Amino acid sequence: MKQGIHPEYRPVAFQDASTGKLFVTRSTATSERTVDVDGVSYPLIVVDVTSDSHPLWTGKQRVMDTAGRVQKFQEKYARFGGRAAGR
């Protein structure tokens with residue numbers, strides 16, 4: 001690797017904005033804000049979504065009303081008289 005061209009790769013604390021969960025990992029992200037975790041000060045990056053709040057990982061996914069969506073599609077395109085209208 002070339003010296004002096006890569007950003008510093010160091011431990012950084014990330015915090016989920018909606019749940020407040022904090023975790024430390026390594027990153028090149030920088031921040032003026034810091035947080036102390038177990039007596040060590042880390043740069044703090046606040047993010048909107050993490051695995052702690054994402055619906056896929058929490059099991060709180062919304063179920064889409066696919067039957068209603070199909071009906072809306074058919075009604076919208078019924079004026080064209082095609083197969084979309086169920087004819």
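Which residue in β4 is the bridge partner of D16? The partner is V47, and the views below place this pair within a predicted model.

**View 1. Overall arrangement of the chain.** The predicted model shows a chain whose secondary structure comes to two helices and four strands. Starting at the N terminus, the elements follow the order β-β-β-β-α-α. Of the 87 residues in the chain, 15% are buried. The exposed area of the chain is about 7,300 Å², of which carbon and sulfur atoms supply 51%. Among contacts between residues at least 6 apart in sequence, 33% link residues that are at least 24 apart.

**View 2. The four-stranded sheet.** The four strands build an open sheet with mixed pairing, in the order β2-β1-β4-β3. Its edge strands are β2 and β3, each of which pairs on one side only. On average, neighbouring strands of this sheet are turned by 45° against each other, direction ignored. In general, the strands of a sheet pair through backbone hydrogen bonds, in either a parallel or an antiparallel sense.

**View 3. The hairpin of β1 and β2.** Strand β1 covers residues 10-16 and strand β2 covers residues 22-27; the two run antiparallel and are joined by six bridges. Within this pairing, R26 in β2 is the residue that P11 stands opposite. The hairpin has five residues between the strands, and G20 takes a positive phi near 80° there.

**View 4. The parallel pairing of β1 and β4.** Strand β4, residues 40-47, pairs with β1 in the parallel sense over four bridges. The bridge between D16 and V47, the latter in β4, can be viewed here. The C-alpha atoms of F14 and L44 are separated by 5.8 Å, although the two residues are 30 apart along the chain.

**View 5. The hairpin of β3 and β4.** Strand β3, residues 34-37, pairs with β4 in the antiparallel sense, and four bridges connect them. V35 stands opposite Y42 in β4. Two residues lie between the strands of this hairpin, in which D38 adopts a positive phi near 55°.

**View 6. Surroundings of L44.** L44 belongs to strand β4. Is this residue buried or exposed? L44 counts as buried because its relative accessibility is 7%, under the limit of 20%. Leaving aside neighbours within four places in sequence, the residues in contact with L44 are A13, Q15, L22, S31, R33, T34 and V35. One of these contacts, V35, is also the residue that stands opposite Y42 in β4.

**View 7. T50 and its partners.** T50 is located in the loop between β4 and α1 (55-58). With a relative accessible area of 12%, T50 is buried. How long is the polar contact that joins the side chains of T50 and D16? The polar contact between these side chains is 2.5 Å. Not counting residues up to four places away in sequence, T50 touches D16 and F23. D16 therefore appears in two settings, as a side-chain partner of the buried T50 and as the bridge partner of V47 in β4.

**View 8. The two aromatic pairs.** The count of aromatic pairs comes to two. F14 and F23 form a stacked pair, with 5.8 Å centre to centre and 20° between the planes. F14 is buried, since its relative accessible area is 15%, whereas F23 counts as partly exposed at 35% relative accessibility. The other pair, F73 and Y77, is tilted, at 4.8 Å centre to centre and with 45° between the planes. F73 is partly exposed, with a relative accessible area of 44%. Y77 likewise counts as partly exposed, at 30% relative accessibility.

Notes
Residues are numbered from 1 along each chain as its sequence is written. This is a predicted model: local features need pLDDT of at least 70, side-chain atom pairs count only at pLDDT 80 or more; totals for chains, interfaces and linings use all residues. Side-chain values use heavy atoms; hydrogens and water are left out. Two strands pair if DSSP finds at least two bridges between them. Buried means under 20% relative accessible area, exposed over 50%, partly exposed in between (1.4 Å probe, protein chains only). Contact means heavy atoms within 4.5 Å. Accessible areas come from the Shrake-Rupley method with a 1.4 Å probe; for residues, only the protein chains shown count as cover. Rings of Phe, Tyr and Trp (its six-membered ring) pair if their centres lie within 6.5 Å; planes under 30 degrees apart count as stacked, over 60 as edge-to-face and the rest as tilted. A polar contact is a pair of N or O atoms within 3.5 Å; within protein, one must be able to donate a hydrogen and the other to accept it, and residues adjacent in sequence count only if both atoms are side-chain atoms. Axes are lines fitted to C-alpha atoms, for helices over the stretch in contact, and angles run from 0 to 180 degrees between N-to-C directions.
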